[in-house]
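Please walk me through this protein structure, with each term explained along the way. I am in my first year and would like to know where to look.

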Amino acid sequence: MTNEELWQTVSSQIQLNISPANFATWFANTKISSVEDNVVTVSVPNSFSKEWMEQKYHKDIFKILKSLDENIKDIQYVVNPVNIKINVGGKKGLKKENSIEQMGFSELEVSKETNLNPKYTFDNFITGPFNEIAYAAAMAVVEEPGKSYNPLFIYGDVGLGKTHLIQAIGNKIKENDPDKKVKYIPAEKLISTIVNAIRGQSVEELKKNLRNIDVLIVDDIQFLAGKDKTQEEFFHTFNSLYQKNKQIILSSDRHPNNIPAITERLKSRFGGGMIADINIPDYETRMAILKQKAEEKGVVVPADVLEYIANNIQKNVRELEGAISRLIIYKKTNGKTVTIEDAKKLLKNIIVSPAKVTNYKKIIEAITEFYDIPFGNMFFSSRKKEFARPRQLAMFLLKKELKMSYSEIGRKFGGKDHTTVIHSCQLIEKEDEENEKIHQEIELILQRIYSK
Ligand code: ADP
Ligand code: MG
(Lines give C-alpha, C1' and ligand atoms only; values in the text may rest on other atoms or scores of the structure.)
(Ligands and ions follow the chains in the order given, each with its own letter.)
Protein backbone atom coordinates (compact mmCIF):
# COMPACT_ATOMS: atom_id res chain seq x y z
CA MET A 1 0.00 0.00 0.00
CA THR A 2 1.36 3.44 -0.85
CA ASN A 3 1.33 6.15 1.78
CA GLU A 4 -1.45 7.80 -0.08
CA GLU A 5 -3.61 4.68 -0.06
CA LEU A 6 -2.80 4.11 3.58
CA TRP A 7 -3.96 7.58 4.54
CA GLN A 8 -6.99 7.31 2.30
CA THR A 9 -8.04 4.19 4.18
CA VAL A 10 -7.49 5.79 7.56
CA SER A 11 -9.39 8.93 6.56
CA SER A 12 -12.34 7.08 5.17
CA GLN A 13 -12.71 5.10 8.38
CA ILE A 14 -12.42 8.19 10.54
CA GLN A 15 -14.98 9.88 8.35
CA LEU A 16 -17.56 7.30 9.32
CA ASN A 17 -17.42 8.34 12.94
CA ILE A 18 -17.23 12.10 12.94
CA SER A 19 -19.36 14.88 11.56
CA PRO A 20 -18.63 16.18 8.07
CA ALA A 21 -17.72 19.58 9.50
CA ASN A 22 -15.23 18.05 11.89
CA PHE A 23 -13.79 15.96 9.16
CA ALA A 24 -13.40 18.89 6.81
CA THR A 25 -11.80 20.96 9.55
CA TRP A 26 -9.23 18.46 10.69
CA PHE A 27 -8.51 16.19 7.80
CA ALA A 28 -8.39 18.58 4.87
CA ASN A 29 -4.80 19.04 3.70
CA THR A 30 -3.42 16.20 5.77
CA LYS A 31 -1.35 13.32 4.43
CA ILE A 32 1.20 10.71 5.37
CA SER A 33 4.49 12.21 4.36
CA SER A 34 6.63 9.25 5.28
CA VAL A 35 6.81 5.89 7.03
CA GLU A 36 10.24 5.15 8.45
CA ASP A 37 11.29 2.61 11.03
CA ASN A 38 7.63 1.86 11.54
CA VAL A 39 6.91 5.41 12.54
CA VAL A 40 4.26 7.13 10.46
CA THR A 41 4.65 10.84 9.88
CA VAL A 42 1.43 12.68 9.23
CA SER A 43 1.72 16.18 7.87
CA VAL A 44 -0.94 18.67 8.88
CA PRO A 45 -1.53 22.22 7.65
CA ASN A 46 -0.98 24.17 10.86
CA SER A 47 0.05 23.84 14.47
CA PHE A 48 -3.50 24.07 15.68
CA SER A 49 -4.44 21.02 13.61
CA LYS A 50 -1.38 19.30 15.01
CA GLU A 51 -2.53 19.87 18.57
CA TRP A 52 -6.00 18.70 17.72
CA MET A 53 -4.82 15.58 15.93
CA GLU A 54 -2.65 14.66 18.86
CA GLN A 55 -5.32 15.24 21.42
CA LYS A 56 -8.50 14.13 19.76
CA TYR A 57 -7.80 11.75 16.92
CA HIS A 58 -4.49 10.14 17.70
CA LYS A 59 -5.93 7.08 19.39
CA ASP A 60 -8.33 6.33 16.57
CA ILE A 61 -5.79 6.94 13.87
CA PHE A 62 -3.31 4.71 15.63
CA LYS A 63 -5.83 1.93 16.03
CA ILE A 64 -6.76 2.00 12.36
CA LEU A 65 -3.14 2.12 11.21
CA LYS A 66 -2.28 -0.76 13.48
CA SER A 67 -5.12 -2.80 12.02
CA LEU A 68 -3.71 -2.18 8.55
CA ASP A 69 -0.10 -2.82 9.45
CA GLU A 70 0.64 -4.30 12.81
CA ASN A 71 4.30 -3.32 12.68
CA ILE A 72 3.48 0.32 13.06
CA LYS A 73 4.82 1.62 16.37
CA ASP A 74 4.03 5.26 16.50
CA ILE A 75 2.72 8.30 14.68
CA GLN A 76 4.18 11.75 14.66
CA TYR A 77 2.42 14.83 13.43
CA VAL A 78 4.36 17.55 11.72
CA VAL A 79 3.24 20.88 10.43
CA ASN A 80 3.65 20.90 6.68
CA PRO A 81 7.21 22.22 6.18
CA VAL A 82 6.08 24.71 3.55
CA ASN A 83 4.18 26.56 6.21
CA ILE A 84 6.59 26.36 9.10
CA LYS A 85 7.88 29.88 8.66
CA ILE A 86 4.47 31.36 9.14
CA ASN A 87 3.83 29.35 12.24
CA VAL A 88 6.74 30.79 14.17
CA GLY A 89 5.31 32.86 16.97
CA GLY A 90 1.84 31.48 16.36
CA LYS A 91 -0.58 30.29 18.98
CA LYS A 92 1.02 29.87 22.33
CA GLY A 93 -1.95 29.14 24.54
CA LEU A 94 -4.27 31.68 26.00
CA LYS A 95 -3.10 34.45 28.23
CA LYS A 96 -5.26 34.83 31.28
CA GLU A 97 -3.26 37.18 33.42
CA ASN A 98 -4.70 40.38 32.10
CA SER A 99 -8.34 39.43 32.41
CA ILE A 100 -8.89 41.79 35.30
CA GLU A 101 -7.57 44.70 33.28
CA GLN A 102 -10.17 43.96 30.67
CA MET A 103 -12.89 45.19 32.97
CA GLY A 104 -13.02 48.58 31.39
CA PHE A 105 -12.71 47.32 27.87
CA SER A 106 -16.24 48.14 26.87
CA GLU A 107 -15.30 51.79 27.20
CA LEU A 108 -12.35 51.39 24.91
CA GLU A 109 -12.81 52.88 21.53
CA VAL A 110 -13.52 51.08 18.35
CA SER A 111 -10.51 51.45 16.09
CA LYS A 112 -11.09 53.97 13.33
CA GLU A 113 -8.80 52.14 11.01
CA THR A 114 -10.15 48.61 11.37
CA ASN A 115 -13.54 49.29 12.90
CA LEU A 116 -12.74 46.53 15.40
CA ASN A 117 -13.67 46.71 19.05
CA PRO A 118 -10.63 45.80 21.16
CA LYS A 119 -12.82 44.19 23.82
CA TYR A 120 -13.37 41.17 21.60
CA THR A 121 -10.36 38.95 22.03
CA PHE A 122 -9.53 35.27 22.15
CA ASP A 123 -8.31 35.71 25.70
CA ASN A 124 -11.84 36.31 26.93
CA PHE A 125 -13.56 33.93 24.55
CA ILE A 126 -14.69 30.72 26.21
CA THR A 127 -14.76 27.56 24.17
CA GLY A 128 -16.69 24.37 24.61
CA PRO A 129 -18.26 21.68 22.47
CA PHE A 130 -20.79 24.22 21.22
CA ASN A 131 -18.28 26.41 19.45
CA GLU A 132 -15.06 24.45 19.21
CA ILE A 133 -15.20 23.94 15.48
CA ALA A 134 -15.78 27.60 14.84
CA TYR A 135 -13.01 28.43 17.29
CA ALA A 136 -10.58 25.99 15.71
CA ALA A 137 -11.29 27.32 12.26
CA ALA A 138 -10.79 30.85 13.59
CA MET A 139 -7.40 29.93 15.03
CA ALA A 140 -6.35 28.38 11.75
CA VAL A 141 -7.29 31.59 9.96
CA VAL A 142 -5.31 33.65 12.46
CA GLU A 143 -2.26 31.54 11.81
CA GLU A 144 -2.43 31.83 8.08
CA PRO A 145 -4.86 34.44 6.89
CA GLY A 146 -6.04 33.74 3.37
CA LYS A 147 -4.57 30.27 3.29
CA SER A 148 -6.43 27.83 5.51
CA TYR A 149 -10.10 28.51 5.11
CA ASN A 150 -11.33 31.08 2.67
CA PRO A 151 -13.90 32.33 3.22
CA LEU A 152 -14.52 31.41 6.80
CA PHE A 153 -18.27 31.40 7.30
CA ILE A 154 -19.53 31.34 10.90
CA TYR A 155 -23.21 30.94 11.57
CA GLY A 156 -25.44 30.53 14.61
CA ASP A 157 -28.32 32.09 16.49
CA VAL A 158 -28.21 35.55 17.95
CA GLY A 159 -26.16 36.10 21.09
CA LEU A 160 -23.93 33.08 20.71
CA GLY A 161 -20.65 34.84 20.05
CA LYS A 162 -20.35 35.27 16.29
CA THR A 163 -19.41 38.93 16.43
CA HIS A 164 -17.05 38.29 19.31
CA LEU A 165 -15.27 35.52 17.46
CA ILE A 166 -14.88 37.20 14.09
CA GLN A 167 -13.69 40.42 15.70
CA ALA A 168 -11.24 38.45 17.81
CA ILE A 169 -9.78 37.05 14.61
CA GLY A 170 -9.32 40.56 13.25
CA ASN A 171 -7.78 41.84 16.47
CA LYS A 172 -5.36 38.94 16.66
CA ILE A 173 -4.25 39.20 13.05
CA LYS A 174 -3.63 42.89 13.57
CA GLU A 175 -1.70 42.19 16.75
CA ASN A 176 0.49 39.64 14.98
CA ASP A 177 1.11 41.93 12.05
CA PRO A 178 0.19 45.60 12.48
CA ASP A 179 0.83 46.22 8.79
CA LYS A 180 -2.08 44.04 7.74
CA LYS A 181 -5.11 45.94 6.53
CA VAL A 182 -8.03 44.53 8.46
CA LYS A 183 -11.58 45.81 8.06
CA TYR A 184 -14.68 44.88 10.01
CA ILE A 185 -18.02 45.88 8.44
CA PRO A 186 -21.51 44.97 9.61
CA ALA A 187 -23.51 43.99 6.51
CA GLU A 188 -25.98 46.85 7.02
CA LYS A 189 -23.11 49.28 6.87
CA LEU A 190 -21.75 47.60 3.77
CA ILE A 191 -25.14 47.94 2.11
CA SER A 192 -25.51 51.62 2.90
CA THR A 193 -21.94 52.32 1.85
CA ILE A 194 -22.48 50.64 -1.48
CA VAL A 195 -25.83 52.32 -2.05
CA ASN A 196 -24.33 55.70 -1.25
CA ALA A 197 -21.40 55.07 -3.53
CA ILE A 198 -23.74 54.20 -6.37
CA ARG A 199 -25.70 57.39 -5.77
CA GLY A 200 -22.62 59.53 -5.45
CA GLN A 201 -21.00 57.85 -8.42
CA SER A 202 -18.00 56.89 -6.36
CA VAL A 203 -18.25 53.17 -6.87
CA GLU A 204 -14.80 52.94 -8.41
CA GLU A 205 -13.24 54.57 -5.41
CA LEU A 206 -15.10 52.31 -3.02
CA LYS A 207 -14.04 49.28 -5.02
CA LYS A 208 -10.46 50.38 -4.82
CA ASN A 209 -10.71 50.79 -1.07
CA LEU A 210 -12.35 47.46 -0.50
CA ARG A 211 -9.96 45.60 -2.73
CA ASN A 212 -7.00 46.98 -0.87
CA ILE A 213 -7.87 45.06 2.24
CA ASP A 214 -5.98 42.01 3.53
CA VAL A 215 -8.68 40.73 5.85
CA LEU A 216 -12.31 41.65 5.21
CA ILE A 217 -14.80 40.76 7.93
CA VAL A 218 -18.51 41.16 7.16
CA ASP A 219 -20.91 40.56 10.04
CA ASP A 220 -24.53 39.41 9.67
CA ILE A 221 -24.31 38.76 5.97
CA GLN A 222 -27.92 37.48 5.97
CA PHE A 223 -28.92 41.14 5.60
CA LEU A 224 -27.73 41.03 2.01
CA ALA A 225 -30.89 39.03 1.26
CA GLY A 226 -32.79 40.76 -1.50
CA LYS A 227 -30.21 43.53 -1.89
CA ASP A 228 -29.34 42.83 -5.49
CA LYS A 229 -27.09 45.79 -6.17
CA THR A 230 -25.08 45.23 -3.04
CA GLN A 231 -24.78 41.53 -3.78
CA GLU A 232 -23.53 42.36 -7.24
CA GLU A 233 -20.82 44.67 -5.95
CA PHE A 234 -19.94 42.39 -3.10
CA PHE A 235 -19.55 39.49 -5.48
CA HIS A 236 -16.88 41.33 -7.43
CA THR A 237 -15.10 42.49 -4.31
CA PHE A 238 -15.21 38.97 -2.98
CA ASN A 239 -13.68 37.54 -6.14
CA SER A 240 -10.99 40.13 -6.33
CA LEU A 241 -9.93 39.58 -2.71
CA TYR A 242 -10.21 35.84 -3.01
CA GLN A 243 -8.01 35.73 -6.08
CA LYS A 244 -5.33 37.64 -4.25
CA ASN A 245 -5.50 35.17 -1.32
CA LYS A 246 -6.89 37.81 0.95
CA GLN A 247 -8.87 36.47 3.87
CA ILE A 248 -12.64 36.88 3.93
CA ILE A 249 -14.60 36.20 7.09
CA LEU A 250 -18.39 36.18 7.16
CA SER A 251 -21.01 35.66 9.82
CA SER A 252 -24.69 34.96 9.53
CA ASP A 253 -27.59 33.84 11.67
CA ARG A 254 -28.12 30.91 9.31
CA HIS A 255 -26.42 28.56 6.88
CA PRO A 256 -25.69 30.15 3.49
CA ASN A 257 -28.19 27.81 1.84
CA ASN A 258 -30.92 29.22 4.04
CA ILE A 259 -30.36 32.88 3.30
CA PRO A 260 -33.33 33.81 1.14
CA ALA A 261 -33.03 35.90 -2.00
CA ILE A 262 -29.34 35.62 -2.44
CA THR A 263 -27.86 34.82 -5.82
CA GLU A 264 -26.65 31.30 -6.41
CA ARG A 265 -23.19 32.45 -7.31
CA LEU A 266 -22.77 34.27 -4.00
CA LYS A 267 -24.17 31.31 -2.14
CA SER A 268 -21.63 29.04 -3.70
CA ARG A 269 -18.85 31.52 -2.90
CA PHE A 270 -19.96 31.64 0.73
CA GLY A 271 -19.87 27.89 0.97
CA GLY A 272 -16.57 27.57 -0.88
CA GLY A 273 -14.34 27.65 2.18
CA MET A 274 -15.11 26.55 5.68
CA ILE A 275 -18.59 26.71 7.17
CA ALA A 276 -18.70 26.36 10.93
CA ASP A 277 -21.69 26.73 13.19
CA ILE A 278 -22.01 27.79 16.78
CA ASN A 279 -24.61 25.94 18.78
CA ILE A 280 -26.10 26.39 22.20
CA PRO A 281 -23.56 26.20 25.04
CA ASP A 282 -23.77 23.17 27.31
CA TYR A 283 -24.11 23.52 31.06
CA GLU A 284 -20.39 23.29 31.79
CA THR A 285 -19.59 26.02 29.33
CA ARG A 286 -22.39 28.21 30.65
CA MET A 287 -20.87 27.94 34.11
CA ALA A 288 -17.42 28.74 32.71
CA ILE A 289 -18.77 31.81 30.94
CA LEU A 290 -20.51 33.05 34.09
CA LYS A 291 -17.42 32.51 36.21
CA GLN A 292 -15.26 34.35 33.75
CA LYS A 293 -17.62 37.30 33.44
CA ALA A 294 -17.76 37.64 37.23
CA GLU A 295 -14.01 37.36 37.47
CA GLU A 296 -13.52 40.00 34.80
CA LYS A 297 -15.47 42.41 36.95
CA GLY A 298 -13.57 41.32 40.04
CA VAL A 299 -16.68 40.10 41.83
CA VAL A 300 -17.26 36.79 43.58
CA VAL A 301 -20.70 35.29 43.02
CA PRO A 302 -21.66 32.20 45.06
CA ALA A 303 -21.63 28.94 43.13
CA ASP A 304 -25.30 28.17 43.76
CA VAL A 305 -26.27 31.50 42.21
CA LEU A 306 -24.15 30.80 39.17
CA GLU A 307 -25.74 27.36 38.92
CA TYR A 308 -29.18 28.89 39.10
CA ILE A 309 -28.39 31.17 36.18
CA ALA A 310 -26.72 28.43 34.16
CA ASN A 311 -29.74 26.20 34.67
CA ASN A 312 -32.22 28.82 33.62
CA ILE A 313 -30.55 30.66 30.79
CA GLN A 314 -29.55 28.16 28.18
CA LYS A 315 -29.70 29.55 24.74
CA ASN A 316 -27.90 32.81 24.71
CA VAL A 317 -24.51 33.97 25.91
CA ARG A 318 -25.58 37.58 25.80
CA GLU A 319 -28.36 36.83 28.27
CA LEU A 320 -25.94 35.00 30.54
CA GLU A 321 -23.78 38.08 30.47
CA GLY A 322 -26.76 40.34 31.11
CA ALA A 323 -27.79 38.26 34.10
CA ILE A 324 -24.41 38.32 35.73
CA SER A 325 -24.06 42.06 35.14
CA ARG A 326 -27.31 42.73 36.95
CA LEU A 327 -26.21 40.73 39.95
CA ILE A 328 -22.86 42.49 40.02
CA ILE A 329 -24.44 45.93 39.93
CA TYR A 330 -26.78 44.85 42.73
CA LYS A 331 -23.89 43.59 44.78
CA LYS A 332 -21.87 46.74 44.21
CA THR A 333 -24.70 49.05 45.20
CA ASN A 334 -25.87 47.01 48.18
CA GLY A 335 -22.50 45.75 49.28
CA LYS A 336 -23.76 42.33 50.25
CA THR A 337 -23.47 38.88 48.82
CA VAL A 338 -26.13 37.95 46.31
CA THR A 339 -28.33 35.06 47.40
CA ILE A 340 -30.43 32.77 45.27
CA GLU A 341 -33.50 34.69 46.43
CA ASP A 342 -32.00 37.98 45.26
CA ALA A 343 -31.07 36.37 41.98
CA LYS A 344 -34.60 35.09 41.40
CA LYS A 345 -36.04 38.52 42.01
CA LEU A 346 -33.45 40.38 39.96
CA LEU A 347 -33.63 38.04 37.03
CA LYS A 348 -37.32 37.44 36.77
CA ASN A 349 -37.55 39.43 33.56
CA ILE A 350 -34.85 37.42 31.92
CA ILE A 351 -35.87 34.06 33.28
CA VAL A 352 -39.45 33.81 32.26
CA SER A 353 -40.18 30.28 33.26
CA PRO A 354 -38.25 27.32 34.60
CA ALA A 355 -36.00 25.60 32.14
CA LYS A 356 -38.09 24.42 29.25
CA VAL A 357 -36.97 21.23 27.66
CA THR A 358 -38.65 19.19 25.04
CA ASN A 359 -37.85 16.77 22.28
CA TYR A 360 -38.95 15.70 18.85
CA LYS A 361 -41.43 13.07 20.02
CA LYS A 362 -43.18 15.39 22.45
CA ILE A 363 -43.67 18.02 19.79
CA ILE A 364 -45.15 15.62 17.25
CA GLU A 365 -47.34 14.00 19.89
CA ALA A 366 -48.70 17.29 21.12
CA ILE A 367 -49.63 18.33 17.59
CA THR A 368 -51.26 15.03 16.63
CA GLU A 369 -53.25 15.04 19.88
CA PHE A 370 -54.29 18.60 19.39
CA TYR A 371 -55.57 18.00 15.87
CA ASP A 372 -56.69 14.50 16.65
CA ILE A 373 -54.85 12.82 13.82
CA PRO A 374 -52.88 9.56 13.85
CA PHE A 375 -49.17 10.01 14.61
CA GLY A 376 -48.09 8.38 11.34
CA ASN A 377 -50.23 10.63 9.16
CA MET A 378 -48.00 13.54 9.99
CA PHE A 379 -45.36 12.19 7.69
CA PHE A 380 -47.35 11.12 4.64
CA SER A 381 -46.96 13.35 1.70
CA SER A 382 -50.69 13.91 1.59
CA ARG A 383 -52.02 17.11 0.16
CA LYS A 384 -55.11 16.91 2.30
CA LYS A 385 -55.43 20.15 4.15
CA GLU A 386 -56.19 18.49 7.45
CA PHE A 387 -52.69 16.99 7.45
CA ALA A 388 -50.81 19.68 5.58
CA ARG A 389 -51.40 22.26 8.23
CA PRO A 390 -50.31 20.22 11.28
CA ARG A 391 -47.27 19.23 9.29
CA GLN A 392 -46.32 22.84 8.61
CA LEU A 393 -46.84 23.63 12.23
CA ALA A 394 -44.66 20.72 13.27
CA MET A 395 -41.87 21.97 11.02
CA PHE A 396 -42.21 25.42 12.48
CA LEU A 397 -42.08 24.17 16.06
CA LEU A 398 -39.19 21.79 15.45
CA LYS A 399 -37.27 24.75 14.13
CA LYS A 400 -38.34 27.17 16.82
CA GLU A 401 -38.16 24.95 19.88
CA LEU A 402 -35.40 22.52 18.98
CA LYS A 403 -33.41 24.64 16.54
CA MET A 404 -33.29 21.72 14.15
CA SER A 405 -31.82 22.56 10.77
CA TYR A 406 -34.15 22.87 7.81
CA SER A 407 -32.62 19.93 6.03
CA GLU A 408 -32.85 17.78 9.16
CA ILE A 409 -36.54 18.63 9.41
CA GLY A 410 -36.98 17.87 5.71
CA ARG A 411 -35.56 14.41 6.28
CA LYS A 412 -38.00 13.74 9.11
CA PHE A 413 -40.82 14.51 6.74
CA GLY A 414 -40.01 12.01 4.06
CA GLY A 415 -37.07 13.79 2.49
CA LYS A 416 -38.68 17.11 1.78
CA ASP A 417 -36.44 19.71 0.26
CA HIS A 418 -35.16 22.28 2.75
CA THR A 419 -36.72 25.11 0.75
CA THR A 420 -40.14 23.51 1.27
CA VAL A 421 -39.42 23.44 4.98
CA ILE A 422 -38.29 27.06 4.99
CA HIS A 423 -41.46 27.99 3.18
CA SER A 424 -43.66 26.20 5.73
CA CYS A 425 -41.84 27.75 8.65
CA GLN A 426 -42.14 31.24 7.19
CA LEU A 427 -45.80 30.74 6.47
CA ILE A 428 -46.63 29.74 10.03
CA GLU A 429 -44.41 32.40 11.48
CA LYS A 430 -46.32 35.02 9.55
CA GLU A 431 -49.67 33.64 10.62
CA ASP A 432 -48.50 33.45 14.20
CA GLU A 433 -47.78 37.16 14.05
CA GLU A 434 -50.80 38.28 12.12
CA ASN A 435 -53.62 36.00 13.10
CA GLU A 436 -54.73 36.01 16.70
CA LYS A 437 -56.59 32.72 16.41
CA ILE A 438 -53.56 30.91 15.05
CA HIS A 439 -51.40 32.53 17.67
CA GLN A 440 -53.66 31.16 20.41
CA GLU A 441 -53.62 27.77 18.80
CA ILE A 442 -49.86 27.69 18.81
CA GLU A 443 -49.78 28.84 22.42
CA LEU A 444 -52.06 25.97 23.39
CA ILE A 445 -49.93 23.46 21.57
CA LEU A 446 -46.83 24.85 23.23
CA GLN A 447 -48.48 24.44 26.61
CA ARG A 448 -49.19 20.83 25.77
CA ILE A 449 -45.64 20.25 24.60
CA TYR A 450 -44.16 21.61 27.78
CA SER A 451 -46.57 19.90 30.12
CA LYS A 452 -45.72 16.49 28.74
P1 ADP B 1 -23.76 37.26 18.12
O2 ADP B 1 -22.91 38.11 17.22
O3 ADP B 1 -23.68 35.81 17.78
O4 ADP B 1 -25.18 37.72 18.23
P5 ADP B 1 -22.06 38.32 20.18
O6 ADP B 1 -20.72 37.99 19.63
O7 ADP B 1 -22.50 39.71 20.08
O8 ADP B 1 -23.16 37.33 19.59
O9 ADP B 1 -22.07 37.81 21.70
C10 ADP B 1 -22.98 38.31 22.66
C11 ADP B 1 -22.24 38.61 23.95
O12 ADP B 1 -21.81 37.39 24.55
C13 ADP B 1 -20.99 39.43 23.72
O14 ADP B 1 -20.87 40.36 24.78
C15 ADP B 1 -19.86 38.44 23.77
O16 ADP B 1 -18.68 39.00 24.26
C17 ADP B 1 -20.38 37.38 24.69
N18 ADP B 1 -19.93 36.05 24.29
C19 ADP B 1 -20.45 35.28 23.32
N20 ADP B 1 -19.81 34.11 23.21
C21 ADP B 1 -18.84 34.13 24.14
C22 ADP B 1 -17.84 33.20 24.54
N23 ADP B 1 -17.72 32.02 23.92
N24 ADP B 1 -17.02 33.54 25.56
C25 ADP B 1 -17.15 34.73 26.17
N26 ADP B 1 -18.09 35.65 25.86
C27 ADP B 1 -18.92 35.37 24.85
MG1 MG C 1 -23.45 39.72 16.09
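The paragraphs below take up a pair of helices and then three places in loops.

This is a predicted model, in which local features need pLDDT of at least 70 and side-chain atom pairs count only at pLDDT 80 or more, while totals for chains, interfaces and linings use all residues. Residues are numbered from 1 along each chain as its sequence is written, chains are lettered from A and ligands numbered from 1 in the order in which they are written, and side-chain values use heavy atoms, with hydrogens and water left out.

Helices (H or I, at least four residues) and strands (E, at least two) are DSSP runs, numbered from the N terminus. The axes of helix 18 (residues 418-434) and helix 19 (residues 436-451) come within 6 Å and cross at roughly 110 degrees, which makes helix 18 roughly perpendicular to helix 19 (the term covers angles of 65 to 115 degrees). Where the two are in contact (heavy atoms within 4.5 Å), Ile 428, Glu 431, Asp 432 and Glu 434 of helix 18 meet Glu 436, Ile 438, His 439 and Ile 442 of helix 19.

In the loop between helix 5 (132-143) and strand 4 (152-156) lies Pro 151, and the peptide bond leading to Pro 151 from Asn 150 is cis, with omega near -5 degrees.

Asn 245, in the loop between helix 9 (228-243) and strand 7 (247-252), is a residue other than glycine with a positive phi, near 60 degrees. Asn 245 is exposed (over 50% relative accessible area), at 52%. Lys 403, in the loop between helix 16 (385-402) and helix 17 (406-412), is not a glycine either, yet has a positive phi of about 55 degrees.

Conventions. Axes fitted to C-alpha atoms, helices over the stretch in contact; angles between N-to-C directions. Parallel < 35°, antiparallel > 145°, perpendicular 65-115°, else oblique. Buried < 20%, exposed > 50% of the residue type's maximum accessible area, 1.4 Å probe, protein only.
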